[in-house]
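Q: Please take a close look at one part of this model. I would like to know how two of its helices pack, with a few other local details for context.

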Amino acid sequence: MSRTALRICPLCEATCGLTLTIDDGRVTGARGDRDDVFSKGFICPKGAAFGAVDSDPDRLRTPLVRVDGELREATWEEAFDAVAAGIRPVVERYGPHAVGVVLGNPNVHTMAGALYPPLLIAGLGTRSLFTASTLDQMPKHVSSGLLFGDANLIPVPDLDRTDHLLLIGANPLESNGSLCTAPDFPGRLRALKARGGTLTVVDPRRTRTARLADHHLAVRPGTDALLLAAMAHTLFDEDLVDLGGCAPYVDGLDELGAALRDFTPEAVSGACDVDAETVRALARELAAAPTAAVYGRIGSCTVPHGTLASWLVDVLNVLTGNLDRPGGALFPQAATDRTPRPAGPGRGFALGRWHSRVRRHPEAKGELPMSALAEEIDTPTDEGEPVRALVAVAANPVLSAPDGDRLDKALGSLDFMVSVDPYLNETSRHADVVLPPPPPAQSPHHDFAFNTLAVRNQVRYTRPAVPLEPGRMAETEILARLVLAATGMHGADPAAVDDLVVGRTLGKAAGDPHSPVHGRDPKELAALLGGGSGPERRLDMMLRLGPYGDGFGAEPGGLTLEKLLAHPHGIDLGPLRPRLPQPLKTRSGKVELLPAPIAADLPRLRAALADRPGGLVLVGRRHLRSNNSWMHNVPALTGGSNRCTLHVHPDDAGRLGVRDGQPVRVRGAGGEVTAPAEVTDAVRPGVVSLPHGWGHDRPGTRTRHAATDPGVNVNQLLDGSLLDPLSGNAVLNGVPVEVAPVAEAVTETSDALT
């Protein structure tokens, strides 16, 4: 019997609403939900393939436990017994920091990944935390923390109302948006142009997004911060600075102007390979637009000056009066945000509260660089114990982090490892215990993280579209039991984890004079919570305490889980609104334009003014039909343009003797790979491009379709030594490489490698 069910798509940051067709408990089709308040029927190829992703036969169905060196199927009880027996002795003998936690990108795409890993980290008491953020977006968190006092307070472009959008290192027509949750990003960009707006794209590749733009500037990779600094300099130099409505909430304007004095358009021109007048024109157009927004993403984050580039994106929004105004860059207000507090000074944001053991990398946002994971396992020092046990949740750093070969060997040397993953992949194959979550159709969904980055305030929740299959365990229960097993409470009722959080949260809220439940009995409040599970009770609690909530009756008609369930297509909460100064948490209570760590890093950027193009540099790319390393096992999403090829400009191909389709050898500081060449003018001369997430050719994995066309691991070209020092983010773009046809000895050697 066929039926339909609603589901929010968890396969990228667009969070589109889906209508699933279900036959005999199996998802057989997916289309866009036309009544979804946010996505309004939009769907991309990943969402259309939801059923194929959900029913992939290589998904693990039962836990695996290593016995006599081999992973064997086990019961859930046996698996969690093994977790407790493997982790607790390491903690007791070597201390909590000897247990590392690795969190991958899919965590933010599930309810369980948002609700339970923080409890695991706190319960273990470990500082050995490594996440995908330091391979992607940590520069934006650090710059936001320094500017606004909160690393998660990230302004997003008001796509639906802006007149001028400047994209730096972003390709939303392929990524569907990132740190900017916007279903149908392509349609929103076309609407911008249709209403007479301007789209400018700065990218060394002529991406699908760049082809849509009014202006495309093919800047030299890695020089985004220089370009943005020169634009800011121009605004000061030509008296174009106008802070607009945020002027009362900004500190450090004069100091900023002085700090950027050396970054003239002429000074940056050689390094960026951009004419000085073009730089001035970019700044003038930005200042002249009725409204404008600057938005930078992974291409501007994964470079040597990623934090400075991220900082300058928002500096430009401030200097042109476009921060916190409609049509500019605003701060979303999610339904599960904490109760808004009165404006005023906060605690601020600190870097380097502790350091990694081997190379002394400072923590950022409580995390150490993923690039340091291998050395933290395989390198002994006099300062503290190496990481001897590892908990990996939805993470595949062997493919996503630099120098996967070294990390591969390091993982094999651990005393114990547990992996929460639906696949036996390049990383989880090393685990002593693998705990597989169910397919997404069998899980509830609410976007805790992405709603804080959404271009329109809204709230949606979908319960599981199909019930758990026999023998499966809900992902929320898996992670709750993992918390108990890893923190010395193995065997306790997993519901106790949620009850503990509810009790603590309501107790704190009752004691907060700014809370709508101040002075009330926490037990009485807990009894009022709705929902059929611990996670639903926690969601109800967050909604009721949040900015749109009913305050447990204090605000009649406010948001509750019951009300949300009565609106299966979601509830629209309106366009983004100006919020300053309320969300600022800096010590001054203002936007701090020139924080001390930023000022201290500017001499390094100033030194880059002397750089000049030389040799080939590598940039990454992504495909619309994949998401990092975890969707190459779905036949419906592979093939066609979704291939692992090296893009080479025709001029470079001619000089190197490279022919289209010919195997070429690419060598970097971390090793070499061989991939077919794709000769194309989609990259500028001097730049080559390989997609990330490939390299599915290691033994012991169970991803059969991915193994038929494994591609190569682009991150093996990196040795992990290049990091943005402020954020610890890996430098993945603009790195020097050598390229040569496999059958010939001709080589293009970069200055940096000779």
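A: What follows covers a helix pair, then a barrel, then one loop residue. The model is predicted.

Start with the helix pair. Two packed helices are described by the angle between their axes and the distance between the axes. Helix 3 spans residues 76-94, and helix 19 spans residues 475-486. Their axes lie 8 Å apart, at an angle of about 35°. The crossing of helix 3 and helix 19 is right-handed. Helix 3 brings Trp76, Phe80, Val83, Ala84, Ile87 and Arg88 to the contact. Helix 19 answers with Ile478, Arg481, Leu482, Ala485 and Ala486. Sorted by class, the contact of these helices has nine nonpolar residues, two charged ones and no polar ones.

Next, the barrel. Six strands close it, in the order 21-25-22-24-23-26. The pairing is mixed. From one strand to the next, the twist averages 45°. Strand 21 (residues 616-621) pairs with strand 26 (residues 735-741). That pairing is antiparallel and runs over three bridges. Within it, Val617 of strand 21 stands opposite Pro736 in strand 26.

Last, the loop residue. Asp150 sits in the loop between helix 6 (138-148) and strand 8 (156-157). Asp150 counts as buried because its relative accessibility is 19%, and buried means under 20%. A polar atom of the Asp150 side chain lies 2.9 Å from the backbone nitrogen of Asn152. Leaving aside residues up to four places away in sequence, Asp150 touches Ser144, Gly145 and Lys585.

Note on methods:
Residues are numbered from 1 along each chain as its sequence is written. This is a predicted model: local features need pLDDT of at least 70, side-chain atom pairs count only at pLDDT 80 or more; totals for chains, interfaces and linings use all residues. Side-chain values use heavy atoms; hydrogens and water are left out. Axes are lines fitted to C-alpha atoms, for helices over the stretch in contact, and angles run from 0 to 180 degrees between N-to-C directions. Helices (H or I, at least four residues) and strands (E, at least two) are DSSP runs, numbered from the N terminus. A crossing is left-handed if the near helix is turned anticlockwise from the far one by less than a right angle, and right-handed if clockwise. Contact means heavy atoms within 4.5 Å. Ala, Val, Leu, Ile, Met, Phe, Trp, Tyr, Cys and Pro count as nonpolar, Asp, Glu, Lys and Arg as charged, and the others, Gly among them, as polar. Two strands pair if DSSP finds at least two bridges between them. Buried means under 20% relative accessible area, exposed over 50%, partly exposed in between (1.4 Å probe, protein chains only). A polar contact is a pair of N or O atoms within 3.5 Å; within protein, one must be able to donate a hydrogen and the other to accept it, and residues adjacent in sequence count only if both atoms are side-chain atoms.
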